[in-house]
Amino acid sequence: MLTTAILGEAVGVQHQALQDRTATNTVQGLTEGLIIGKFKRGRTDQPMLITANTIRARLGYEPNNPSYQVVEDCLDKKIPQVWVLRVPDTSAET
Amino acid sequence: MTQIALKTDGTLALNGSPNDPIQVDYQLIDYLGDGVAVDVKVSLKTGETIPSPLNTLMRLTWRDTATDDEIFVIEGIVGLDEENTSSLMNRAAATQAFEYLEVTTVGTSFASAVQSSDAYNPPNSRGRNVMSLSLPFDEPPAFNEDDLFNAITLMRPKPSCMVLPAVDDLLLTNTVLRAVDKLNIPLDIELDPMLTIDQACDTAEAMDIQDHRVSVLWSPNVARPRGAVSLYGPKKPRLASGAVLGMTLLRNARKSAKGIPYIADPIAGESYPITFKGLECRRDIKFTDEAVEKLARAKINVIREIDYSTGSKFVVADLLTQYV
């Protein structure tokens, strides 16, 4: 067995360094879904990218909130991520 | 803006003053709502024994007090500047969750203040000393139509489909319909599952959508809640638009050999059933010929049980042309 501290020399261990694709033109598919709803927590100026790991923390755990249930159901279909836009309560409108 | 300050006597507070040994001023981009606390834990770099601004680590954990979910966690050295990757400021910027986070330290009596704090974990200790500060209710600004319109239409990447699960809010619905017009993408609107057939038709007709991109879904069914283990138990109404969106995105991700997604295959019918546990139609809903005609005229897509040769399934049904 070969022991080495240099990744890439060892068989079976691969490391791709972080790649900066900031200025590139990635092709957008039809896979950007957006859910608009009212949640306990989250920013309101832009949609948030929510995954199954981040839904509880970013939107606030509210199992009885229909909007929260919709996001959960969507992620239950095993899609990696969905955009969610939080809307503040419209009762006190500017 | 929120402040977390370690005072000269070692206490932690949410209000800072200029001579505090450690003061953290920050503004998160997310609005946290209520029931959130920040846990503060102070320790030293390995090998150090006397606290100083250049060797003291602070770990801040924003935590939901009801569920103990960790919302954000950052840890870094308080006295280093933001270009240093070990500094608290740099780590905060790396999370991209902060508008800003600034740390100021005062060197005089720094060591004694840190050592007398209940949040301080001396070297070679078990490292369990943590102090929690409850944060006040963090409320977003009031609803503004134009802000919402801009948030939807200017988002990057551009959305490919939208879902509006709740239409009890006319102002919100109108703003979203305007955004659909601008973006030219499909929108699914869902009606309240507890409406009667007449109420659902009236609501759909009152919205007066007149837009071919918009579908109105309605699921007058009850099912076991998402986390339920057993099939028998109290059943609740559930919105189906999340499941429909999930299936839509999965279908769009599947591409033919030429790289074209199967968008001609509608998310309706046998191939795309709604699979909630114990799903059944509400007992007060009767799909008589008259009711079906009324729903079809109102252009509502009903999630309804249809019999297929492979079994009966709850699907998004096209009422009049569906062969039942």
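A residue is called buried when its relative accessible area is under 20% and exposed when that area is over 50%. This distinction is used throughout the following account of a predicted model, beginning with one strand of chain A. In strand β1(A), A:G33, A:I35 and A:G37 point to one side, A:L34 and A:I36 point to the other, and every one of these residues is buried. The strand is thus mostly covered, with 5 of its 5 residues falling in the buried class. The division into two sets follows a general rule: in a regular strand the side chains alternate between the two faces of the sheet.

The surroundings of β1(A) may be followed through its strand pairings. Within chain A, β1(A) runs parallel to β3(A), and 4 bridges join the two. One position in this pairing is A:G37, which lies opposite A:R86 of β3(A). Strand β1(A) also pairs across the chain boundary: 3 bridges link it to β10 of chain B, residues 161-164, again in a parallel arrangement. Here A:G33 faces B:C161 of β10(B), while A:I35 has B:V163 as its bridge partner in that strand. Strand β1(A) is therefore joined by bridges both to β3(A) and to β10(B), with each of its residues buried according to the cut-off of under 20%.

The chain to which this strand belongs contains 2 helices and 3 strands. Along the sequence, these elements of chain A occur in the pattern β-β-α-α-β. Of the 94 residues in chain A, 41% are buried. Contacts in chain A between residues at least 6 apart in sequence include a share of 58% that join residues at least 24 apart.

The pairing of β1(A) with β10(B) leads to the interface as a whole. Chain A contributes 41 residues to the contact and chain B contributes 54 residues. Together the two chains bury about 4100 Å², and carbon and sulfur atoms account for 62% of this area. Charged and polar groups also meet across the boundary. The interface of chain A and chain B holds 7 salt bridges; one of them joins the side chains of A:K38 and B:D169, with an N to O distance of 3.0 Å. In addition, 17 residue pairs are in polar contact across the interface, counting pairs in which both residues have pLDDT 80 or more.

Which elements of chain A give two or more residues to the side that touches chain B? They are β1 (33-37), α1 (55-59), α2 (66-76) and β3 (82-86) of chain A. Helix α2(A) gives the most, with 6 residues. By residue class, this side of chain A comprises 18 nonpolar, 8 polar and 15 charged residues.

Chain B also has an open sheet of 4 strands, in the order β2-β1-β3-β7 and with antiparallel pairing. Its edge strands are β2 (12-13) and β7 (98-105) of chain B, each of which pairs on one side only. Strand β3 of chain B, residues 22-28, is joined to β7(B) by 7 bridges, and the two run antiparallel. In this pair, B:L28 is placed opposite B:F98 of β7(B).

The backbone of chain B has several further points of interest. As a general background, most residues other than glycine have a negative phi, and most peptide bonds are trans. The peptide bond between B:R156 and B:P157, however, is cis, with omega at about -5 degrees. B:P157 is located in the loop between α3 (145-153) and β10 of chain B.

Two residues of chain B depart from the general sign of phi. B:Q96, which is not a glycine, has a positive phi near 60 degrees, and is placed in the loop between α1 (88-95) and β7 of chain B. B:N124, likewise not a glycine, has a positive phi of about 60 degrees and lies in the loop between β8 (120-121) and β9 (131-134) of chain B. Are these two loop residues buried or exposed? B:Q96 counts as exposed because its relative accessibility is 67%, and B:N124 is exposed with a relative accessible area of 86%.

How values were computed
Residues numbered from 1 in each chain as written. Chains lettered and ligands numbered in written order. Predicted model: local features only at pLDDT ≥ 70, side-chain atom pairs only at ≥ 80, totals over all residues. Heavy atoms only, no water. Contact = heavy atoms within 4.5 Å. Buried area = accessible area lost by both parts, 1.4 Å probe. Salt bridge = Lys/Arg side-chain N within 4 Å of Asp/Glu carboxyl O. Polar contact = N/O pair within 3.5 Å; in protein donor to acceptor, adjacent residues only side chain to side chain. Nonpolar A, V, L, I, M, F, W, Y, C, P; charged D, E, K, R; others polar. Pairing = 2+ DSSP bridges. Buried < 20%, exposed > 50% of the residue type's maximum accessible area, 1.4 Å probe, protein only.
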